[in-house]
Amino acid sequence: MRIVVAMSGGVDSSVAAALLAEQGHDVIGVSMQLYDQGQTTVSGQKAFGTCCTIDDLYDARRVAATIGIPHYIVNFESQFGEHVVSNFVREYVAGRTPIPCSHCNSELKFAELLDRARAYDADQLATGHYARIEQDASGRYHLHRGADNSKDQTYFLFSLTQRQLARATFPVGHLDKDTVRAHAHRLKLGVASKPDSQEICFVPDGDYAAFVERQAPAALRAGTVVDGEGRVLGMHGGVHRFTIGQRKGLGLSTSEPLYVLAIKPDEAQVVVGSKDALGRTALTAATVNWVSGIAPSAWLPITAQIRHRHAAAPARVRATDEGRVELEFDTPQTAVTPGQAVVFYNGDEVLGGGWID
Amino acid sequence: MRIYLDHNATTPLDPLVADRMALAMREVWGNASSVHHFGQQAKAALDEARGAVASFMGADASEIVFTAGGTESDNLAIRGAAEALEPGGRRHLITSAIEHEAVLNTMKALARRGWRVTILAVDASGVVSPDRLREAITDDTALVSVMHANNEIGTIQPIAALAAIAHERGALFHTDAVQSAGKLPLDMTSLGVDLASIAGHKFYGPKGTGALWLKRGVRLVPPASGGKQERNRRAGTENVPALVGLGVAADVAQRKLASEGPRLGALRDRLEAGILTTVTGSERNGAASPRTPNTTNLSIARVESESLLIGLDLAGIAVSSGSACSSGTLEPSHVLKAMGLSHGRTLGSIRFSLGAATTDADIDRVIEVLPPLVEKLRSLTTVGGRK
């Protein structure tokens, strides 16, 4: 079978490619160049971070040479800018906290790159995600958490459709990270000991606020930090610097710790309060995808995850308008954050998800 | 079977070149500057190579400076001539918009150091017009550098006419002949230039070899300082085995030129016509003539050359878009841009450059593979359903 592997230069996608090649598949490595590294600094100097940089493309190329597969770099800079970076900036300016990785998966990897793979007569597109795809007797595809729950990445894959799942494969999804690294050592891949990437790739220094300020200086305005009664406690330099549940960097000196409870971009207001005020039981979400392709007609008991590092909590969900849901947790959850995804699970199976309003 | 149609990027070593180099690597290891037997042996090998390159360029052996390639030859010519002419007060340089980066970026580097640099526009056919040069040139002009044949589209520039204009105003004329060497007869006298660059690997010689021809009497101040090799014009111990290869390649190319030119021209014309008639929305970029016989550059509407290149490579056909140096970027070709082509047309451009191993069957294969690949790339609608 001809399989295109999206190679980031990291250990997971490298091992994914190597395992497929070892199984005798006709494997083609493809790395996406997503942005001009030269644009990531303001000083005019070209600076290189630690993810998705020239170094990573080099690593991917070295791995491809080691396992003896062709490797190509495809330039998706314009698509990445349009679908991922601009959304990231827009969301922060709107007082929301975005997840660019999800958009990259749905708009680039499993759209543009999958298309390329089809054009090159590939049957499947493989990635290094920790997730598993199963097909039932009726032919329907199911998406499950990676076997290594600590590395599970299904939270970023909730938007996959049946058509995309039919063409996707996750060769390391049934492995744990240690086993993946062991394979990398066994196969003598240069990236075997490379650290996991942590940050959002196009903001290698992790300073999202500074990135947003460089990208959208005109959209930013200073505002006030207020308490639940609207009393002004301080000033801030822009709502993009805050996320729900944030405690540090509020610029306040109070006896009890205060947390960001809400962000009101129209008034440039950040509302803070005590930790117990952070809990919420209900939320609504938009642009919902149901992996099966069918939205449930009544309240459905599930567990729901509201950020990458959140333990899915018991809840019930029901479809409302087109592409929308309302969801109620059994117990209050801390920091329900607009812009983040809510992903619905049945056990370890992903039922779907959407973007929190 | 893989088909290689990227000979303007580089060529494989001619087998005779490889044999003679292998022998020289083992046997001719002396330093050509040494007085003793070993040095004399190396010097003799260099002299033989120099004679072959001189004959290949229609020049005298004393006028040939060996370098490590086309880029170095261009730098030596432009920087060396500029520095030599600077004390005379000439502070103006002229080049064209379709030069190789070895020339363009050297000119830009000199511009940052205070030289006035004029970059001549080209017309839609990719030709530098002598009238443009006449308008741009002044008594202050030190050097004009215009390439002999373009690497991306193959157009041959009116070098003799351009050089005559430069000489009327007392300026030197350099031509980057890297893409014409081995494809067109080279005769320095009839070209009428003062300096010319060639690179061995474009005509079945080794990479890392090149030559600069400079007319007797032309003075250079070489950018690299060191020993007195190459008559004080290029310091550093000569890479004798590689230069032996350059000499053999020049010899072979000269012998084959008369038959290879027409053969490749016929194959190229068949390839071009085949694509233009079978692929809808395909157009030739640049003038059909005069052109290097092995080159055709086409734009294919509604596909990106990056996808085409990968698709063709997976089908065993190696081609390129623009110059090899620009792959990995989506920068549209500066050559096609200078010709005034639309952005879309530059992004869908693809270059076929034929060579010694190209056969009729190769051309048939391309004409068979390309149209369905183009259709497939055009028909993509995303699985994600976004488009």
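**Exercises on a predicted two-chain model**

Five bridges, given as 5 bridges by DSSP, join strand β5 (residues 131-135) of chain A to β6(A), and the two run antiparallel; strands (E, at least two residues) and helices (H or I, at least four) are DSSP runs numbered from the N terminus, and two strands pair if DSSP finds at least two bridges between them. The model is predicted, with local features needing pLDDT of at least 70 and side-chain atom pairs pLDDT 80 or more, while totals for chains, interfaces and linings use all residues. Residues are numbered from 1 along each chain as its sequence is written, and chains are lettered from A and ligands numbered from 1 in the order in which they are written.

**Exercise 1.** Describe the surroundings of β6(A).

*Solution.*
- Step 1: Gln135(A) stands opposite Tyr141(A) in β6(A).
- Step 2: The hairpin of β5(A) and β6(A) has 5 residues between the strands, and Gly139(A) there takes a positive phi near 95°.
- Step 3: β6(A) also pairs with strand β17 (residues 349-356) of chain A, antiparallel over 2 bridges; His144(A) has Glu349(A) as its bridge partner.
- Step 4: Of the 5 residues of β6(A) (141-145), 4 are buried, so the strand is largely enclosed by the rest of the structure. Buried denotes 20 or more other C-beta atoms within 10 Å of a residue's own, with C-beta atoms placed from the backbone.

**Exercise 2.** Determine how the buried residues of α6(B) are arranged.

*Solution.*
- Step 1: In α6(B) (residues 159-168), Ile159(B), Leu162(B), Ala163(B), Ile165(B) and Ala166(B) are buried.
- Step 2: Viewed down the axis, they fall within an arc of 155°, so they line one face of the helix; the arc is that of the directions from the helix axis to the C-beta atoms.
- Step 3: Gly170(B), with a positive phi near 80°, follows α6(B).

Note on methods. A residue is buried if 20 or more other C-beta atoms lie within 10 Å of its own, exposed if 12 or fewer, and partly exposed in between; C-beta atoms are placed from the backbone.
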